[in-house]
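Student: Hi! Could you walk me through a structure I have just opened?
Tutor: Happy to, let's put it up here.

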Amino acid sequence: MTTTRKPATVDRESLREHLSAWLSDPQGYTVSLEDLAVITGKVKRNVKRDVKRLMALKGQPKWDGEFIHGSDFVTLLASYQSAVSFIVVDTLAELYAEQKEQPL
């Protein structure tokens, strides 16, 4: 008996909330691994593995936290499969369009 892997599904509502918060303060933004797991539909331990890889690429191989900060959030999301990356870019485009529509 073989099992088929169910692809992770992106929680668009959660993604939108987090991207909106990130856009409001890109440098000060912090997100937990738990929230990233909800956003990406991945298991938390796999998200932690992915963050560790990202941090190692950035020259921080000793990272072992529960949070990531600033642009690392978007960098991690962009590093995922193309379907996830597309949803991230699509949501960012929507948020930018909404910002431009708001009066100053």
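Tutor: We'll start with the whole chain and then look at one helix. This is a predicted model, where local features need pLDDT of at least 70, side-chain atom pairs count only at pLDDT 80 or more, and totals for chains, interfaces and linings use all residues. Residues are numbered from 1 along each chain as its sequence is written, and side-chain values use heavy atoms, leaving out hydrogens and water.

Student: How many helices and strands does the protein have?
Tutor: There are 5 helices and 2 strands, taken as DSSP runs numbered from the N terminus (helices: H or I, at least four residues; strands: E, at least two). Along the sequence the pattern reads α-β-α-α-β-α-α.

Student: Which residues of helix 2 are buried?
Tutor: In helix 2 (residues 33-40) they are Leu33, Leu36, Ala37, Ile39 and Thr40. Buried means under 20% relative accessible area, with a 1.4 Å probe and protein chains only.

Student: Why are they on the same side of helix 2?
Tutor: They cover an arc of only 165° around the axis, so they share one side of helix 2; the arc is that of the directions from the helix axis to the C-beta atoms.

Student: And what covers them?
Tutor: The cover includes helix 1 (12-24), strand 1 (30-32), helix 3 (44-57), strand 2 (67-69) and helix 4 (72-79).

Student: Which residues of helix 1 meet helix 2?
Tutor: Ser14, Leu15 and His18 in helix 1 meet Asp35, Val38 and Ile39 in helix 2, with contact meaning heavy atoms within 4.5 Å.

Student: New topic: what follows helix 2?
Tutor: Gly41 does, and its phi is positive, near 75°.

Terms used
Buried < 20%, exposed > 50% of the residue type's maximum accessible area, 1.4 Å probe, protein only.
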